[in-house]
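Me: I have a model open and would like to check the words people use for it against their cut-offs. Could you go through it with me?

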Amino acid sequence: MDLLKELESLVPELERGLDQASSLTELEELRVAFLGRKGRLAQIMGRLPELSPEDRPRLGQAANGVKMALTERFEGRKTALEAASEAAALSRFDPTLPGRAPWRGSLHPDTLVMEEICSVFRGLGYDIVTGPEVEMDHYNFEALNMPAEHPARDMQDTLYVTESILMRTHTSPLQVRTMLARKPPVAIIAPGKVYRRDSDITHTPMFHQIEGLMVDKGVSMADLRGTLTSFLRTVFGGDTRVRFRPSFFPFTEPSAEVDISCCICGGKGHVGNEPCRVCKTTGWVEILGCGMVDPAVFTAVGYDPEEYTGFAFGLGVERVAMLKYGIGDLRMFFENDVRFLSQFR
Ligand code: DAH
């Protein structure tokens with residue numbers, strides 16, 4: 001029976017083909033040629049009707065055996081080829097290459113500035129304190145020498161929660177909270193979020209401030225000047241010039257605003273031939289408010305203003321970060337764009 005012989009010859013023929021196949025693609029071509037829908041085996045089966053009815057079952061049985069043998073040879077070779085290609089890939093693996101570093105987060109510029117400033121003052125012996133963002137009118141205004149109807153309250157657009165509870169408009173209530181809780185000497189630094197009903201290109205409804213307070217016997221304006229000058233030179237560089245301008249705050253007397261020489265143009269007022277946009281060619285930028293604690297504030301917290309004196313200051317964190325890192329747009333701080341944020345390490 002020719003057909004039977006032909007059938008049986010398929011196995012050695014496939015074996016020869018498999019021996020020569022060197023890739024999984026060639027292997028697949030062989031599989032289609034022998035076992036595919038129009039392959040060699042299928043063609044032989046297609047000729048089954050040529051046989052006499054007695055011969056047909058024998059051929060059918062033989063065909064099943066051949067099919068199993070073909071499949072087995074094929075799978076065996078496939079496993080071997082796959083193992084070989086895996087081994088080849090492994091031999092290309094170079095264990096001396098530096099790994100892919102996992103993505104690392106970075107600190108927000110606000111956080112970096114707050115941490116830096118806090119660490120400068122921690123080095124001077126100050127304690128870091130924090131307090132509630134939802135604050136009582138009494139601590140935010142009243143005890144800071146701004147009674148109801150005081151015109152100074154107009155300086156700040158307040159977000160009220162109830163008539164007597166508000167979102168703190170500055171970190172100065174921490175002065176009150178600290179002095180109520182501690183006896184002098186007091187030296188604290190208070191970083192945190194503050195809120196105002198302000199929203200435009202240079203104002204955001206929430207921003208960050210740092211408050212400082214130092215109270216003891218015999219604290220003078222000279223201590224204020226020395227402390228702030230040394231602090232500003234640590235943060236902005238040793239050759240930064242610092243000047244104090246008379247100003248007004250209800251909770252300090254006398255009060256001053258402090259300017260530093262512009263760190264963008266180096267105080268020259270222009271960058272190359274261009275006028276400096278940060279200091280508007282003046283060579284100075286305002287950096288903080290400060291003053292000697294007003295006796296009325298001491299009285300409100302039960303300190304004797306005849307016995308103690310002190311100084312206080314407050315500054316905007318975003319402002320410091322903008323000057324320090326040359327950031328031109330306040331909105332960048334709040335957009336959470338990782339491309340921006342990841343630049344600060
Ligand atoms: N609280 C003031 C503000 O938000 C900043 C300030 C000025 C704080 C003078 C002080 C100070 O402690 O002495 O504008």
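Me: How many bridges join strand 6 to strand 7, and do they run parallel or antiparallel?

Reply: Happy to help! This is a predicted model, in which local features need pLDDT of at least 70, side-chain atom pairs count only at pLDDT 80 or more, and totals for chains, interfaces and linings use all residues. Residues are numbered from 1 along each chain as its sequence is written, and side-chain values use heavy atoms, with hydrogens and water left out. Strand 6 (residues 242-249) and strand 7 run antiparallel, joined by seven bridges. Pairing asks for at least two bridges found by DSSP between two strands, so with seven bridges these two count as paired. Strands here are DSSP runs (E, at least two residues) and helices likewise (H or I, at least four), numbered from the N terminus.

Me: Which residue of strand 7 stands opposite R245, and how many residues does the hairpin use?

Reply: In strand 7, E257 is opposite R245. The hairpin from strand 6 to strand 7 passes through two residues.

Me: What makes strand 7 and strand 10 a pair?

Reply: Eight bridges connect strand 7 with strand 10, in the antiparallel sense. One of the bridge partners is easy to find: S255 is matched with G291 in strand 10.

Me: Why is strand 7 called largely enclosed?

Reply: Buried means under 20% relative accessible area, exposed over 50%, and partly exposed in between (1.4 Å probe, protein chains only). Eight of the 10 residues in strand 7 (residues 252-261) are buried, so the rest of the structure largely encloses this strand.

Me: Is S255 buried or exposed, and how do you know?

Reply: S255 has a relative accessible area of 6%, so it counts as buried. Its contacts (heavy atoms within 4.5 Å), not counting residues up to four places away in sequence, include F248, C290 and G291.

Me: What makes the link from S255 to F249 a polar contact?

Reply: A polar contact is a pair of N or O atoms within 3.5 Å; within protein, one must be able to donate a hydrogen and the other to accept it, and residues adjacent in sequence count only if both atoms are side-chain atoms. The S255 side chain reaches the backbone nitrogen of F249 at 3.2 Å, so the distance fits the limit.

Me: Why is T281 called partly exposed, and N336 exposed?

Reply: T281 has 47% relative accessibility, so it is partly exposed. N336 has a relative accessible area of 55%, and therefore counts as exposed. Both are residues other than glycine with positive phi, near 70° for T281 and near 55° for N336.

Me: Where are the cis peptide bonds at P185 and P254?

Reply: One joins P184 and P185, with omega about 5°; P185 sits in the loop between helix 7 (173-181) and strand 4 (186-195). Another joins E253 and P254, with omega about -5°, and P254 belongs to strand 7.

Me: How do you know that Q209, E211 and F313 make polar contacts with the ligand?

Reply: Each has a polar atom within the limit of an oxygen atom of the ligand: the side chain of Q209 at 3.0 Å, the side chain of E211 at 2.6 Å and the backbone of F313 at 3.3 Å.
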